[in-house]
Every structure is written in C-alpha cells, then in structure tokens.
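Q: I would like a close look at a single part of this protein. Please describe how its open sheet is put together and what packs against it.

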Amino acid sequence: MVCGVANEKGEWLAKLTIPTKHPQETMPEIIAFFEEQQIDSLGIGSFGPLDLVKGSSTYGSLASTPKKGWPGYSLLGAFAHLNIPISITTDVNGAALAEAAVGAAKGLDSCVYITVGTGIGAGAVVNGTILEGLSHPEMGHIPVVRHKDDRYEGNCPYHGDCLEGLAAGPAIQGRWGKAGVELAEVSEVWEMEAYYLAQAIATYTYVLSPKRVILGGGVMKQRHLYPLIRQALATQINGYVKIGDLEEYVVPPGLGDDAGLTGAVLLAKQALVQKGLKSTNL
C-alpha cells in the first residue's frame, strides 16, 4: 500500500509505504496516516475486483480478491469518519488517468495502461474519462491463444490459462522454475512473454482503439521486452490497423512507479471539484 499527500500544486508533502497484510493490520496504519495529515479529500486506487456501481449497497467494497481478509471489505466505509469527499477506482484505472493527464499519454484523449506484475490488470481512458460500465474492466483475464511451445497449464485460480494465468510474474516462475529477474538473458522466456502481451494489446487495440498503450509493473522492468512486444504486435495485427510508429504506441510509463499514486491525487481533486470545494492537502 502506497499512501501520499500532495498540495493543490501536486507537490508531495508526505508518503507512506506499508505491506498489504490482513485489513485489521493494514488499515489502522493507513487511516492514522491520513488523519494526521488533515487532508481535504481522498482518492483511492485499489487492487480489485471492486464494486464501483454507485448506488450499490457494497459500493466501494472489495469483491472476490484472493487476498486473505479483504473480500467484502469496504474501503469507502473505512474512511467515512473523515467526512471529506472521496473518489475510488481501481489502481490501474487511476494509473491510466494519471498517464493520460500528466504522463506518457499527455495531450491524447485515450490510452490504455497495463500493469504486468504479480497479476495483470489494465485501465483505459476514453475521451478523457476512465472507462467503466457494468463494473471496471478486467482486461487481465481475457482469453489468449496459447503459444505453440507452451506446456504450462496456467495459474489463474478462476480461468487457468487466461492472460494473467500465462503471462503474470508467477506464471513466468511457474513455467520456467525461476523468477523473471533470474532469466533476463534467456531469450525464449521473453519471446513467449511478448507473444502473450502483444496478443492482449492487439485485442485492446481492436476493441478500444487507444492512441497509446502504456506498459508498467515489475515484469516490465525487463526493458528488452518493449521491442519484442512491438515486433510481436506488428506480426499479429499484420497491417489490419494503421497504428503508426510502434515505438510511440507501446511505451513505458511516463510517471514511472508514481503513476498509481498520482492517479489517486487526481481522483482526490475530482472529488473536490464535484463538491464545489477548494483544496489545501489531498
């Protein structure tokens, strides 16, 4: 859990990083941090799944997450006593918002942000607005065509060999017997990874037609993945969609590891604007 407080100019005043444990251990420390900072509004970008249907009795609560103790936990309820405007979405939605506003997609009206780490998630901004509908998108769980040389069964507890089940960090370790950081020089590892991620980007391109695709997360610290993904994407799309320069289409985050936290600040600003209020700290 990464917490931060910024002023209305976006300057950081305080930050706190703590491990995600059981909510009874984690949340009191987070709540105390924000109480001490006397914030004017709060933006939350959380791991999911989340109930983001306004008017729902469980709006702002976590759903079927595998994290112990968190299913059903109300993040909005935890901060209700602060009596301040609060806005909530998923962590990847928040990161997409930040990258669209001040990061790698600044000046564009659409983008997709994908994080590839212990899981895979993605958020989209379309016409300057976070994409939500029935709920938030679950782009990490789309089906993919298995690589011809891949015999790994997949490790998603819900779908087995979906995108996350075949391409997230734990899948790399499960398939090859070592963590990705130990396999940096093994070309077949990253060629297979690029094959799956390029498939996903092709699907998002066909469906959402974003003007930029931003890839972040721990797995993407392997920087040699970017050219491999671009090459695989060109092969898979095969000229059907005119994307232009792939080096400008598939890019790393402009905000680095601060995309999610910056998105939370932008959400906090939006919450204030919706209430017609001005901010000091958020």
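A: The answer below follows the sheet strand by strand and then turns to the helices and the nonpolar core.

The model is a predicted one. Its open sheet has 5 strands in the order β7-β6-β5-β8-β9, and the pairing is mixed. At the edges stand β7 (129-130) and β9 (250-251), each of which pairs on one side only.

Let us begin at the β7 edge. Strand β6, made of residues 120-126, pairs with β7 in the antiparallel sense over 2 bridges. Within this pairing, Val125 stands opposite Ile130 of β7.

Further along the sheet, the sense of pairing is parallel for β5 and β8, which are joined over 4 bridges. Here Ile114 has Leu215 in β8 as its bridge partner. Strand β8 also runs parallel to β9, and 2 bridges join these strands. In that case Ile214 is matched with Val251 in β9.

The side chains of β8 deserve particular attention. Val213 and Leu215 point one way from the strand, whereas Ile214 and Gly216 point the other way. All four of these residues are buried.

We may now ask what lies against the strands. Helix α6, residues 187-208, lies across β5 (110-116), β6, β8 (213-216) and β9. The direction of α6 makes an angle of about 155 degrees with that of β5.

A further helix, α7, covers residues 225-237. At 1.5 Å a residue, its 13 residues should span 18 Å, and because its end C-alpha atoms are 18 Å apart, the model agrees with that expectation. Directly after α7 comes Asn238, which has a positive phi near 55 degrees. Within the helix, the buried residues are Leu225, Tyr226, Ile229, Arg230, Ala232, Leu233 and Ile237. The spacing of such residues can be read with a general rule in mind. An α-helix has 3.6 residues a turn, so residues three or four places apart point the same way. The cover over the buried residues of α7 includes α6, β8, α8 (246-249) and β9.

Leu233 shows this packing at the level of one residue. Leaving aside neighbours within four places in sequence, Leu233 is in contact with Ala198, Ile201, Ala202, Ile243, Leu246, Tyr249 and Val250.

These helices and strands meet in the largest nonpolar core, which has 41 residues. The members that touch the most other members are Ile114, Leu163, Ile201, Leu215, Ile229 and Leu233. Two or more residues are given to this core by each of β5, β6, α4 (163-167), α5 (169-176), α6, β8, α7 and α8. The largest share, 11 residues, comes from α6. Such a grouping fits a general tendency. In soluble globular proteins, nonpolar side chains tend to be buried together.

Apart from this core lies another, of 25 residues, and Val5, Leu16, Ile39 and Phe47 are among them. Leu16 also has a place in a strand pairing, for it belongs to β2 and stands opposite Cys3. The two strands concerned are β1 (residues 2-6) and β2 (residues 12-17), which run antiparallel and are joined by 5 bridges. They form a hairpin with 5 residues between them, and Gly10 in the turn has a positive phi of about 85 degrees.

In summary, the sheet places β5 between β6 and β8 in its order, α6 lies across β5, β6, β8 and β9, and α6 gives the largest share of the core.

Key
Residues are numbered from 1 along each chain as its sequence is written. This is a predicted model: local features need pLDDT of at least 70, side-chain atom pairs count only at pLDDT 80 or more; totals for chains, interfaces and linings use all residues. Side-chain values use heavy atoms; hydrogens and water are left out. Two strands pair if DSSP finds at least two bridges between them. Contact means heavy atoms within 4.5 Å. Axes are lines fitted to C-alpha atoms, for helices over the stretch in contact, and angles run from 0 to 180 degrees between N-to-C directions. Buried means under 20% relative accessible area, exposed over 50%, partly exposed in between (1.4 Å probe, protein chains only). The expected span of a helix is 1.5 Å times one less than its number of residues. A nonpolar core is a set of buried Ala, Val, Leu, Ile, Met, Phe, Trp, Tyr and Cys residues joined through side-chain atoms within 4.5 Å.
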